[in-house]
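User: I'm new to this structure and would like a close look at one part of it. Could you walk me through the aromatic cluster and then show me what lies around it and beyond?

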Amino acid sequence: MRQSLHELAALYQDSLFAAAFNICRNAQDAEDVIQDTFVQYYTTKKEFENEQHIRAWLLRVVINKAKNVTRTFWRRNKISIEDYMETLTFDTPESETLFETVMQLPEKYRIAIHLYYYEDYAVREIADILKLSESNVKTRLSRGRAMLKKELKEEWDDDK
């Protein structure tokens, strides 16, 4: 017995997500696990006895794949930004505050600021790295600087 992926997704997606999320504790990883499970179902030549057999097989595959995700090198060795910050050394408290503020910027501004100020790349090189136009990089740098200025000014005003 074989069922279409649309039918299976409609019937079991929620329960498969719950099982994967319970193990991964991360929505994106759980969604990836479900997608991999449906791909494996689609590519397998296995014949199933009935609908309960398919459901049990899907749950077993989701659980195994979710456990594999939690065992990966990346998951075992990632640390939170707070823990990472504790390992860094800064010359002054101001440079630590600046770095923390940069890390709180939205990703597109944070990356441009980091490459420009911390890695000493030119605007043209950043444009090549990020596959953007130079004017787009300049805009991101300008907006990132404005956000930093606003945030740091608020912190400085609060300290008074």
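Analyst: Here is a walk that starts at the aromatic cluster and then moves out to the rest of the chain.

A quick bit of orientation helps. This is a predicted model. The protein has nine helices and zero strands, so to speak a run of α-α-α-α-α-α-α-α-α when read from the N terminus. Of its 160 residues, 24% are buried. Take the contacts with a separation of 6 or more: 56% of them join residues 24 or more positions apart.

Now to the cluster. Searching the whole structure turns up six aromatic pairs. One of them is Tyr 41 with Phe 48, a stacked pair with 5.7 Å from centre to centre and 25° between the planes. The label "stacked" fits because planes under 30 degrees apart count that way. Phe 48 also pairs with Trp 57, and here the arrangement is edge-to-face, at 5.4 Å centre to centre and with 65° between the planes. This time the angle is over 60, so the pair gets the edge-to-face name. Put together, Tyr 41, Phe 48 and Trp 57 make one aromatic cluster.

Are these three rings buried or exposed? Tyr 41 is buried, with a relative accessible area of 1%, and Phe 48 is buried too, at 3%. Trp 57 has 15% relative accessibility and still counts as buried, because the limit for that word is under 20%.

Tyr 41 leads us on to a wider group. The largest nonpolar core has 18 residues, and Tyr 41 is among those that touch the most other members, along with Leu 8, Leu 16 and Leu 58. Which elements give two or more residues to this core? They are helix H1 (5-24), helix H2 (27-43) and helix H3 (51-70). Leu 58 makes a good viewpoint here: setting aside its neighbours within four places in sequence, Leu 58 is in contact with Leu 8, Tyr 12, Leu 16, Thr 37, Phe 38 and Tyr 41. So if you click on Leu 58 in the viewer, you can pick out Tyr 41 of the aromatic cluster among its contacts.

Apart from that core lies another one, made of 11 residues, including Ile 113, Ala 127, Leu 141 and Leu 148. A handy way into this region is Val 102, which is found in helix H6. Val 102 counts as buried, at 2% relative accessibility. Leaving out residues up to four places away in sequence, Val 102 touches Arg 110, Ile 113, Tyr 118 and Leu 148. Two of those names, Ile 113 and Leu 148, belong to the 11-residue core. Val 102 and Leu 148 sit 46 residues apart along the chain, while their C-alpha atoms are separated by 7.0 Å.

Right beside Val 102 in the numbering is Thr 101, also in helix H6 (residues 93-103). Thr 101 is buried, with a relative accessible area of 4%. Where does its side chain reach? The side chain of Thr 101 goes to the backbone oxygen of Thr 97, at 2.7 Å.

Charged side chains have a few spots of their own. Arg 145 lies over the face of Tyr 116, at 5.6 Å from the ring centre. There is also one salt bridge in the structure, in which the side chains of Glu 134 and Arg 124 meet at 3.1 Å, N to O. Glu 134 belongs to helix H9 (residues 134-159) and Arg 124 to helix H8 (residues 123-130), so the pair ties together parts that are 10 residues apart in sequence. Glu 134 is partly exposed, at 31% relative accessible area, whereas Arg 124 is exposed, at 57%.

Last stop: two loop residues with a positive phi. Asp 120 has a phi near 60°, a positive value in a residue other than glycine. Asp 120 sits in the loop between helix H7 (107-118) and H8, and is exposed, with a relative accessible area of 62%. Lys 131 has a positive phi of about 55° and is not a glycine either. The loop between H8 and H9 is where you find Lys 131, which counts as exposed at 73% relative accessibility.

Methods: Residues are numbered from 1 along each chain as its sequence is written. This is a predicted model: local features need pLDDT of at least 70, side-chain atom pairs count only at pLDDT 80 or more; totals for chains, interfaces and linings use all residues. Side-chain values use heavy atoms; hydrogens and water are left out. Helices (H or I, at least four residues) and strands (E, at least two) are DSSP runs, numbered from the N terminus. Buried means under 20% relative accessible area, exposed over 50%, partly exposed in between (1.4 Å probe, protein chains only). A polar contact is a pair of N or O atoms within 3.5 Å; within protein, one must be able to donate a hydrogen and the other to accept it, and residues adjacent in sequence count only if both atoms are side-chain atoms. Rings of Phe, Tyr and Trp (its six-membered ring) pair if their centres lie within 6.5 Å; planes under 30 degrees apart count as stacked, over 60 as edge-to-face and the rest as tilted. A charge sits over a ring if NZ of Lys or CZ of Arg is within 6 Å of the ring centre and within 35 degrees of the ring normal. A nonpolar core is a set of buried Ala, Val, Leu, Ile, Met, Phe, Trp, Tyr and Cys residues joined through side-chain atoms within 4.5 Å. Contact means heavy atoms within 4.5 Å. A salt bridge is a side-chain nitrogen of Lys or Arg within 4 Å of a carboxyl oxygen of Asp or Glu.
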